[in-house]
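Trainee: Got a minute to walk through a structure with me? I'd like to practise reading one properly.

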Amino acid sequence: IRFSPFEHLFGRTSLTFLLWDQSDVSQSQNIYSSAFSNNSSILYVQILPVNDPPKLFPSIIELNYTETEIPTYLPVFQHIDLRINDLDDSHLHSAQIKLVSPQSQFDVLQIDLLDSRIFNVTDLNSTCISVLAPNPQTILEFEMFLQTLLYSNTAEEPIPDTRLIEITVNDGHTDSDAMLIYISMKLTNDAPKVQINGAIIDYSENQTTRNVLITPNLVLSDVDSEFLSEIHIRFLSTPPDGIYEVLMLSIPFPELSFLQNTEHQISVSGVAHLSTYQSLLRNLTYTHNLSSGNLTEGPRTVEIYVIDDLDSISLAD
């Protein structure tokens with residue numbers, strides 16, 4: 001004889017045993033028939049309770065995070081129906097959120113910890129958040145707390161590997177199985193950057209050298225690519241002395257050529273290394289061809305922007 005109780009049944013139950021001599025077949029289904037023994041034996045079974053761990057649903061979540069120039073936070077459960085079940089209890093004691101595969105200091109977890117009356121923080125950093133409820137809190141409170149979880153990556157060039165977040169809750173006795181959240185990193189092409197160090201140039205009408213280098217300390221950079229495909233240079237507005245004010249650039253590199261080359265606007269194309277375009281732009285000059293005494297005083301603004309070989313355009317500088 002084997003006894004197999006229903007799942008999650010605990011407490012005291014009994015099995016009653018009677019003997020039957022088969023003398024009255026018609027009454028064989030009646031346990032109180034005279035064909036059965038007058039006395040019975042009772043076996044009492046004490047089913048000891050075993051704590052069932054809480055469960056998080058869904059158990060596996062897959063999300064996408066898109067790299068942005070200004071890091072943004074991804075609400076992890078924004079479109080997820082987060083649920084916690086516990087067959088033994090309606091209250092929980094603690095929760096832990098851990099970023100298992102972070103990219104150094106650039107992967108960041110954040111959560112709303114404003115209500116300190118409910119949760120005490122036992123561990124808090126960018127990759128691990130652990131909280132303990134001084135008094136057991138309802139499953140609903142824990143669900144609302146976890147739903148505020150945010151993820152972000154602050155790297156200029158994130159590693160494309162999938163990130164993994166593990167979440168567990170505890171009912172005071174047993175941890176739940178971990179909820180696994182896989183975050184796929186979608187990379188985007190970052191625009192190249194132009195830095196003009198010392199961008200204010202003084203030009204005097206009686207100076208002996210008419211041609212003046214205006215970007216001798218320019219620096220080009222791009223976290224995604226070492227190559228550029230175009231540069232564009234122009235006066236933001238027509239200079240007051242018109243065609244007498246000239247931007248000039250010579251091209252000593254065979255892989256580059258002019259798309260446009262006028263007094264007020266220059267465009268150069270050709271796939272070349274950052275250092276090549278940087279050397280080219282450091283030789284950009286401005287000149288004023290009016291004779292002394294006839295120059296119109298005031299500022300002139302020159303705009304420079306570059307395009308990388310993946311067609312991403314820098315901010316103008």
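Here is a short chat about some strands, a helix and a serine.

Mentor: Sure, but keep in mind that this is a predicted model.

Trainee: Okay, strand β12 then: how many of its eight residues are buried?

Mentor: Strand β12 covers residues 163-170. A residue counts as buried under 20% relative accessible area. By that cut-off the strand is mostly covered, and the number of buried residues is seven.

Trainee: β12 runs antiparallel to β7, so to speak; which residue of β12 is the bridge partner of Leu-99?

Mentor: Strand β7 spans residues 91-99, and six bridges join it to β12. Leu-99 has its bridge partner in β12, and that partner is Ile-165.

Trainee: And which residue in β13 stands opposite Ile-167?

Mentor: β12 is joined to strand β13, residues 179-186, by five bridges, and the two run antiparallel. Opposite Ile-167 in β13 you find Met-179.

Trainee: Next, the open sheet of three strands: which ones stand at the edges?

Mentor: Strands of a sheet pair through backbone hydrogen bonds, either parallel or antiparallel. Here the order is β15-β21-β18, with antiparallel pairing. Two strands have a single partner strand each, so one side of each is left without a neighbour in the sheet. Those edge strands are β15 (212-213) and β18 (245-248).

Trainee: Which residue in β21 is the bridge partner of Leu-213?

Mentor: Two bridges join β15 to strand β21, residues 285-288, and the strands run antiparallel. Leu-213 has its bridge partner in β21, namely Thr-285.

Trainee: Now helix α1, residues 139-146: what arc do its buried residues cover around the axis?

Mentor: The buried ones are Ile-139, Phe-142, Glu-143, Phe-145 and Leu-146. An α-helix has 3.6 residues a turn, so residues three or four places apart point the same way. The buried residues of α1 pack against β3 (55-57), β6 (83-85), β7, β10 (128-138) and β12. They sit on the same side of α1, because the arc is only 160°.

Trainee: Last one: is Ser-312 buried or exposed?

Mentor: Ser-312 is found in the segment after β22 (302-308). Leaving out residues up to four places away in sequence, Ser-312 touches Asn-189, Asp-190, Ala-191, Pro-192, Val-306 and Ile-307. Its relative accessibility is 12%, so Ser-312 counts as buried.

Trainee: How far apart are the C-alpha atoms of Ser-312 and Phe-227?

Mentor: Along the chain, Ser-312 and Phe-227 are 85 residues apart. In space, the separation of their C-alpha atoms is 11 Å.

Key:
Residues are numbered from 1 along each chain as its sequence is written. This is a predicted model: local features need pLDDT of at least 70, side-chain atom pairs count only at pLDDT 80 or more; totals for chains, interfaces and linings use all residues. Side-chain values use heavy atoms; hydrogens and water are left out. Buried means under 20% relative accessible area, exposed over 50%, partly exposed in between (1.4 Å probe, protein chains only). Helices (H or I, at least four residues) and strands (E, at least two) are DSSP runs, numbered from the N terminus. Two strands pair if DSSP finds at least two bridges between them. Contact means heavy atoms within 4.5 Å. The arc is that of the directions from the helix axis to the C-beta atoms.
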